[in-house]
There are 2 protein chains.
Amino acid sequence: MVLVDTNSDWKSSRRAEAVRRIQDTAWTIAREQGLAALSLREVARRLGMQAPSLYSYFASKNDLYDAMFARAASELATLVESLDAELGVRTETAIDVRASFKTGARRFAEFCVGDPARFQLLFQRTIPGFEPSSDSYAPAIRALEMTDRQLASMGVRERGHADLWLAILSGLLSQQLSNDPGGDRWLGLLDDAVEMFCDHVDIPPQRRARRRNG
Amino acid sequence: MVLVDTNSDWKSSRRAEAVRRIQDTAWTIAREQGLAALSLREVARRLGMQAPSLYSYFASKNDLYDAMFARAASELATLVESLDAELGVRTETAIDVRASFKTGARRFAEFCVGDPARFQLLFQRTIPGFEPSSDSYAPAIRALEMTDRQLASMGVRERGHADLWLAILSGLLSQQLSNDPGGDRWLGLLDDAVEMFCDHVDIPPQRRARRRNG
DNA sequence: GTCTATAGGGTGATAGAC
DNA sequence: GTCTATCACCCTATAGAC
């Protein structure tokens, strides 16, 4: 957790700037060498600092992970928000819900494949001893709730069905990243998965509105 | 990779016994503290040895991971073999294919939930610098091929469909292990997922045989 | 072959000078 | 805030006793 500087503005902004640069460097290393291969000494080295100086900004390595998680979760929330605006499927009269599903799946896939380290930090619990703080987790929860609302507006109202869809999506992406990084063996199944799921939850196939009390 | 002892039988069996005990201890630690938290010193400590002595049995820590992977992959192959025998769905005249799907899914889920560390080692690539050797990977490939054959005998003949099913399954289990360890929020969706998938690939719902050249 | 002893170069973390 | 010095731990490797 980053200590908040209550001093003058330029001072706190200098501090925020330093925090940001540390995080940027940490992400660069994580993407280059793997999330678990991150080391504080390497971060400090690239910034021209000594390792212990980092402890002025982060109380521990796990706190750095926590800040990285917070950023990743915020980026996820931003993605979901932009999808909300883009798809505009707030009402039940949306046209071609399946097309919206496919767009959402594709955007989410790009988000994950575009940064496997971020995917690992957000969706797999693989760093021993690290659990995101509730503060850092909050944007992830917000993103999940927004997604649930989006799914509900698209006709997926049972929690089990929403869970199933997100499991399918994350399963395809996990397989893609683990077994065929850079390829599209599983990415190419996204549209098929949408059709399968929409059939299952009775989302109509065509670009016709679905009446509420039909 | 474990060096093969070509000496007398009891000697090589003593060696094999030591190798086995080291592996057992390593698995215990991995299950207790996480796969990535494994340390050779801790292994040696629990066995009353000095850490360097482990290098008589494993050339490096990654070689120990490799042996652990080999065991996990063999256990997976054993599971798939037992499923093969149990389900007996070798021909196209199998009855109630969906029930076989559900049984297979449940067995696989038990396999994964019963040992999350094994799941992580087998299906998530999260240890920096570790790649299973081709020898250790072989049983995993065998298990995958057997699974493909089983799926084919159950009516799933396109690679994309087999990939999709395994992605669904692994996605549900990954979500279960990451977000609700010990619970059943995603495990409870397995049967529903089977129905969804079987509908999608036109596997008939009832216990009726499907003719080959119908 | 198997062990002990030891060393080199990493790691996260802390104490204290400035 | 930043540094130096230091600690305790880690993996890896080698030398040498038995």
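Two exercises on protein–DNA contacts follow, set on a predicted model.

**Exercise 1. DNA strand D**

Task: Describe the protein surface near DNA strand D by residues, class and helix, and then list polar contacts to its phosphate oxygens.

Solution:
1. Taking 4 Å between heavy atoms as the cut-off, 18 residues surround DNA strand D. The closest are Ser53(A), Tyr57(A), Ser39(B), Leu40(B) and Arg41(B).
2. Sorted by class, eight are nonpolar, five polar and five charged.
3. Helix α2 of chain B, residues 40-47, contributes the most to this surface, with three residues.
4. On the DNA side, sugar or phosphate accounts for 66% of the strand D atoms within 4 Å of the protein, and bases for the rest.
5. Side-chain N or O atoms reach phosphate oxygens of strand D at 2.7 Å from Ser53(A), 3.0 Å from Arg15(A) and 3.2 Å from Tyr55(B).

**Exercise 2. DNA strand C**

Task: Repeat the description for DNA strand C.

Solution:
1. DNA strand C is surrounded by 17 residues, and the closest are Arg41(A), Tyr55(A), Lys61(A), Arg15(B) and Ser53(B).
2. The classes are seven nonpolar, five polar and five charged residues.
3. Helix α2 of chain A, residues 40-47, gives the most here, with three residues.
4. Of the strand C atoms within 4 Å of the protein, 61% are in sugar or phosphate; the rest are in bases.
5. Phosphate oxygens of strand C lie 2.6 Å from a side-chain N or O atom of Arg15(B), 3.0 Å from a polar side-chain atom of Ser39(A) and 3.5 Å from one of Tyr57(B).

Methods:
Residues are numbered from 1 along each chain as its sequence is written. Chains are lettered from A and ligands numbered from 1 in the order in which they are written. This is a predicted model: local features need pLDDT of at least 70, side-chain atom pairs count only at pLDDT 80 or more; totals for chains, interfaces and linings use all residues. Side-chain values use heavy atoms; hydrogens and water are left out. A polar contact is a pair of N or O atoms within 3.5 Å; within protein, one must be able to donate a hydrogen and the other to accept it, and residues adjacent in sequence count only if both atoms are side-chain atoms. Helices (H or I, at least four residues) and strands (E, at least two) are DSSP runs, numbered from the N terminus. Ala, Val, Leu, Ile, Met, Phe, Trp, Tyr, Cys and Pro count as nonpolar, Asp, Glu, Lys and Arg as charged, and the others, Gly among them, as polar.
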